[in-house]
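Biologist: I should like to learn how to read the features of a protein model. May we take them one at a time?

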Amino acid sequence: MNRRSRQVQDAVGRLTPDEQAQYAACAAGDLVAIKIKRTRLHIRKGTPDIMVAQSCLEGEFDPVAYLLPRDYAGVIVDAGGYIGSAALAMAALFPKARILTVEPSKANFEVLMQNVTGHPLIEPVFGALVAGPATSVTLRNRGTGAWGFTAVAAPHDNPNARDLHDTPALRLADLVPDPTDIGLLKLDIEGGELEILEQDRATLSQIPHIFIELHDRIAPGCRRAFFDFSQDRIVVKSSGEKYLSIRR
């Protein structure tokens, strides 16, 4: 059993006995309904979905909980929405916020849509966040599972990544014309952050709180670009490759 399979198995072991039985009875790729910290959602058997959902809903976003008031009613942008678990976690923290959750994968977006149904303030957006003028980009499979799809043209860790499909290219200004309306940007886009950090700083600088995961292994230079952008801001390391950039 490889490391990823062990991680999934460990995550399944944290489900209730009924959920474990349901998971075991399903075929690979089937949707399984689970509940984490009072939040109900669907995951796909045999994928990283369960690990991502548990991480998101069990404290990954604790570092942002006190950056905005609980009754914050502005905009949160969740770039790299995956199956919606991050949007659900942030909706629990900020129940009055309008959350735009952006996901470029057709398969992931289908699950995301199911998971955010019933949450009127979470708005699913199909597309990839970019900085340049492109109207569409090609999504690529780096071979790391559904959580690692990237819009980077030649990912450093797999230059021969397999093309999946084209997806709409969206800029922050397409999502929110006035960036000062964005109170928090969560940016986890598998290397795509490099282009935004380098080419859309004027927009980023107007966002007070940025919660970002850096992917130098996919797009070398992400860390350099992030710290260069954040040199006049407060930087807080969260965990792993995750950082907060807070405007002074």
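**Reading pockets, cavities, cysteines and strands**

Modeller: We may begin with the second largest pocket of this predicted model. By class, the lining of this pocket has six nonpolar, two polar and four charged residues.

Biologist: How much space lies in the second largest pocket, and which residues line that pocket?

Modeller: Rolling a probe the size of a water molecule over the atoms shows where empty space is left. In the second largest pocket that space comes to about 260 Å³. The lining consists of Lys-37, Arg-38, Thr-39, Cys-56, Leu-57, Gly-59, Phe-61, Asp-62, Arg-70, Ala-89, Ala-92 and Leu-93. Two elements, helix H3 (49–60) and helix H4 (85–93), give two or more residues each to this lining.

Biologist: How many cavities of 30 Å³ or more are counted, and which residues line the largest cavity?

Modeller: The count comes to one cavity of 30 Å³ or more. The largest cavity holds about 40 Å³ of space. Around the largest cavity lie Glu-60, Phe-61, Lys-186, Leu-187, Asp-188, Phe-211, Ile-212, Glu-213 and Lys-242. At least two lining residues come from each of strand S9 (182–187) and strand S10 (209–213), and S10 gives the most, with three residues.

Biologist: How does the lining of the largest cavity divide by class?

Modeller: Four residues of that lining are nonpolar, none is polar and five are charged.

Biologist: Cys-56 was named in the pocket lining. How many disulfides are counted in the model?

Modeller: A disulfide is a covalent bond between the sulfur atoms of two cysteines. The count here is zero disulfides. Cys-56 is in no disulfide, and the nearest cysteine sulfur, that of Cys-222, is 20 Å away. Cys-222 is likewise in no disulfide; the nearest cysteine sulfur to Cys-222 is that of Cys-56, 20 Å away.

Biologist: Are Cys-56 and Cys-222 buried or exposed?

Modeller: Cys-56 counts as buried because its relative accessible area is 7%, under the cut-off of 20%. Cys-222 is also buried, with a relative accessibility of 0%.

Biologist: In what order do the three strands of the open sheet lie?

Modeller: Strands of a sheet pair through backbone hydrogen bonds, either parallel or antiparallel. In this open sheet the three strands follow the order S6-S8-S7, with mixed pairing. Strand S6 (128–129) and strand S7 (136–141) are the edge strands, each pairing on one side only.

Biologist: How many bridges join S7 to strand S8, and which residue is the bridge partner of Leu-139?

Modeller: S7 and strand S8 (residues 162–170) run antiparallel and are joined by six bridges. The bridge partner of Leu-139 is His-165, in S8.

Methods:
Residues are numbered from 1 along each chain as its sequence is written. This is a predicted model: local features need pLDDT of at least 70, side-chain atom pairs count only at pLDDT 80 or more; totals for chains, interfaces and linings use all residues. Side-chain values use heavy atoms; hydrogens and water are left out. On a 1 Å grid over the protein atoms alone, a cavity is a set of points where a 1.4 Å probe fits but cannot get out, and a pocket is an open set with protein on both sides within 12 Å along at least five of seven lines; lining residues have an atom within 4 Å of a point. Grid points are joined across faces, edges and corners, and a volume is the space filled by probe spheres set on the points. Helices (H or I, at least four residues) and strands (E, at least two) are DSSP runs, numbered from the N terminus. Ala, Val, Leu, Ile, Met, Phe, Trp, Tyr, Cys and Pro count as nonpolar, Asp, Glu, Lys and Arg as charged, and the others, Gly among them, as polar. A disulfide is a pair of cysteine sulfur atoms within 2.5 Å. Buried means under 20% relative accessible area, exposed over 50%, partly exposed in between (1.4 Å probe, protein chains only). Two strands pair if DSSP finds at least two bridges between them.
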